[in-house]
Amino acid sequence: MGVKARAQALPGHEINVDEQRGLSVDGLLPSTVMRPENAEDAARGLRLCDLAPAAVVVWGGGTQMRLGAPPRRYDVAFSTERMTRLLEYEPADLTCRVEAGILLRDLQAALREQGQRLPLDPPHPERATVGGMVAANANGLSRGRYGTVRDWVIGITVAYPSGKVARAGGKVVKNVAGYDLMKLHIGALGTLGVVAEVNFKVQARPEMEATLLADFQAPASALEVGLKLAHQYLAPAAAVVLDHTSLPPPLAGEGRGGGPWTLALKLEGYAREVEAAKDQAIRFVREAGGIVQEVEIPSAFWDQARDWSTSTDDEVVLRAIVPLAASPLLMAAVPPDARVLAQPASGVVDVRIPAPSAAATLSRLRTTAGAEGQVVVTATSVALKPGLDVWGPPPPGFPVMRALKQALDPNGILNPGRFVGGI
């Protein structure tokens, strides 16, 4: 069958070459695109794809599309760009319900009008969608203080290849009905169903925010202070440890004389709490031999730190998640030509490494992380990805994962091959 005839036989609308390139995934191009209007429309579209059968790759804002193994097949781009409504918002109850295609920036803007926010900060909120954030389990730098996506989702609506729509959870914070279904789809990369709607709990915005930078001679000391602060009542909203080459201008470099590693702290809350937290942090830094930097912090500092792990250049980005006590050991295994951003309160270490040494560094970090840790490739070039084991070995519970995939997507049309173990 010719390319045009194949496209005509597939569900969805044919697209031109430029649109195909814009929706490419790891060098593969779709033949058609589907843009459902709501959850029920998404389920009908998936049913048509399942009957074909046609391989579907789900698209939100595209910020997480470099994550995952190359798809085995790619026929239909399934876009949530028309599913952008704020369906319900109850400021007094601190809850909201949104469609999956709404941009995180737009949701935060609506919440801000009522003095509230969703304390999740995945990269590029101006493009990231709620559905993509949930599917990729993209948490951002505040997870040490505020938790992960799972801690803020209280309900979910999912469309399946069977044509059915399933809803779990509810609209109130204490409702736990269907919680397992929510956990099932958070971080599943859209391989089990398409997230169509999400219910969140939200919180009041802080009164004040401040940033503190401290330099150290060794990363272990910076990590120790960050972890110690995370255990305090006045814990930072975010804490990261960076090598100086990872700092944005004009902060980059070792000209300040404080050492090659920087601990950056975001402090927020009521004004008196922030001042007390700052005094406490300064005391802990000095006790550990660090130097507090009296420099002007660029207004975009935390935006740049948030987006740091989504490099689009030739570097390979690795993410290690290890027990908190193992972070210094993992940092010691990072080669000198790498750049690092670590979160001491959550055991997450992001590493940007030049392409030629990526495979060796990946192997070394996985050995160091051991059975209790995980190291994945979060971004790399199309040329390099087939030669890298993106996810690493499947977890012990992989047979259960495979059985769930078979039960919910028996024809394997959803993001085929992109998740752990080729699911």
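The legends below describe close-up views of a predicted model. Local features need pLDDT of at least 70 and side-chain atom pairs count only at pLDDT 80 or more, while totals for chains, interfaces and linings use all residues. Residues are numbered from 1 along each chain as its sequence is written, and side-chain values use heavy atoms, with hydrogens and water left out.

**View 1. The open sheet of eight strands and two helices that pack on it.** The strand order is β15-β12-β14-β13-β17-β18-β16-β19, with antiparallel pairing (strands are DSSP E runs of at least two residues and helices H or I runs of at least four, numbered from the N terminus; two strands pair if DSSP finds at least two bridges between them). The edge strands, each pairing on one side only, are β15 (291-292) and β19 (374-379). Helix α9 (residues 219-230) touches β12, β13 (238-243), β14 and β17, and its direction makes about 15° with that of β14, whereas helix α10 (residues 271-287) touches β12, β14 and β15 and makes about 5° with the direction of β12 (axes are lines fitted to C-alpha atoms, for helices over the stretch in contact, and angles run from 0 to 180 degrees between N-to-C directions).

**View 2. Val351 in strand β18 (residues 348-353).** Val351 is buried, with a relative accessible area of 1% (buried means under 20%, with a 1.4 Å probe and protein chains only). Leaving aside neighbours within four places in sequence, Val351 is in contact with Trp308, Val316, Val317, Leu318, Val334, Ala338, Arg339 and Leu365 (contact means heavy atoms within 4.5 Å). Strand β18 pairs with β17 (residues 339-343) in the antiparallel sense over five bridges, and Val348 of β18 is the bridge partner of Gln343.

**View 3. The largest cavity, with a volume of about 320 Å³.** A cavity is a set of points on a 1 Å grid over the protein atoms alone where a 1.4 Å probe fits but cannot get out, and its lining residues have an atom within 4 Å of a point; grid points are joined across faces, edges and corners, and a volume is the space filled by probe spheres set on the points. Of the 28 lining residues, Val58, Gly60, Gly131, Gly132 and Ala135 lie nearest the centre of the largest cavity, and α5 gives the most to this lining, with five residues.

**View 4. The second largest cavity, with a volume of about 30 Å³.** The second largest cavity is lined by Ala135, His185, Ala188, Gly190, Thr191, Leu192, Gly193 and Val195.

Note on methods:
Buried means under 20% relative accessible area, exposed over 50%, partly exposed in between (1.4 Å probe, protein chains only). On a 1 Å grid over the protein atoms alone, a cavity is a set of points where a 1.4 Å probe fits but cannot get out, and a pocket is an open set with protein on both sides within 12 Å along at least five of seven lines; lining residues have an atom within 4 Å of a point.
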